[in-house]
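Biologist: I would like a close look at one part of this protein, its nonpolar core. Please take me through it step by step.

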Amino acid sequence: MTLKEIPVGKTVKVTKLTGEGPVKRRIMDMGITKGVDIFVRKVAPLGDPVEVTVRGYELSLRKADAEMIVVE
């Protein structure tokens, strides 16, 4: 299951980051790494972007980036 599929109000744990090179590095630089908890706060009306809380701060992710984050 990816972060894009998680409904608003749920907290999930990152199990894996897919993607290659600079895209994966950018996601990791935002604080999203294996084992971190992510709370889905809001999803825009058309589904893009997704607003999440990670490590105590709020972050907006594009749908394409959220698809690269595998969660449980």
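Modeller: Here is the core, after a short look at the whole chain.

This is a predicted model, in which local features need pLDDT of at least 70, side-chain atom pairs count only at pLDDT 80 or more, and totals for chains, interfaces and linings use all residues. Residues are numbered from 1 along each chain as its sequence is written, and side-chain values use heavy atoms, with hydrogens and water left out.

Start with the fold. The protein chain has two helices and five strands. Their order from the N terminus is β-α-β-β-β-α-β. Helices (H or I, at least four residues) and strands (E, at least two) are DSSP runs, numbered from the N terminus. The C-alpha atoms fill a box of roughly 30 × 20 × 20 Å along the principal axes. Of the 72 residues in the protein chain, 33% are buried. Buried means under 20% relative accessible area, exposed over 50%, and partly exposed in between, with a 1.4 Å probe and protein chains only.

Now the core. A nonpolar core is a set of buried Ala, Val, Leu, Ile, Met, Phe, Trp, Tyr and Cys residues joined through side-chain atoms within 4.5 Å. The largest one holds 19 residues. Leu3, Val14, Ile32, Ile38, Val52, Leu61 and Ile69 touch the most other members. Strands β1 (11–17), β2 (37–43), β3 (50–54), β4 (57–61) and β5 (69–71) each supply at least two residues of this core. In soluble globular proteins, nonpolar side chains tend to be buried together.

Look at Leu3. Leu3 sits in the segment before β1. Its relative accessible area is 0%, so Leu3 is buried. Beyond its neighbours within four places in sequence, Leu3 is in contact (heavy atoms within 4.5 Å) with Val12, Ile38, Val40, Val52, Leu61, Ala66, Ile69 and Val71.

Leu61 is another of these core residues. With neighbours within four places in sequence left aside, the contacts of Leu61 include Leu3, Met30, Ile32, Val52 and Ile69. Asp48, Pro49 and Val50 also touch Leu61.

Finally, take a charged residue. Glu51 lies in strand β3. Glu51 counts as buried because its relative accessible area is 16%. Not counting residues up to four places away in sequence, Glu51 touches Phe39, Val40, Arg41, Lys42, Glu58, Leu59 and Ser60.
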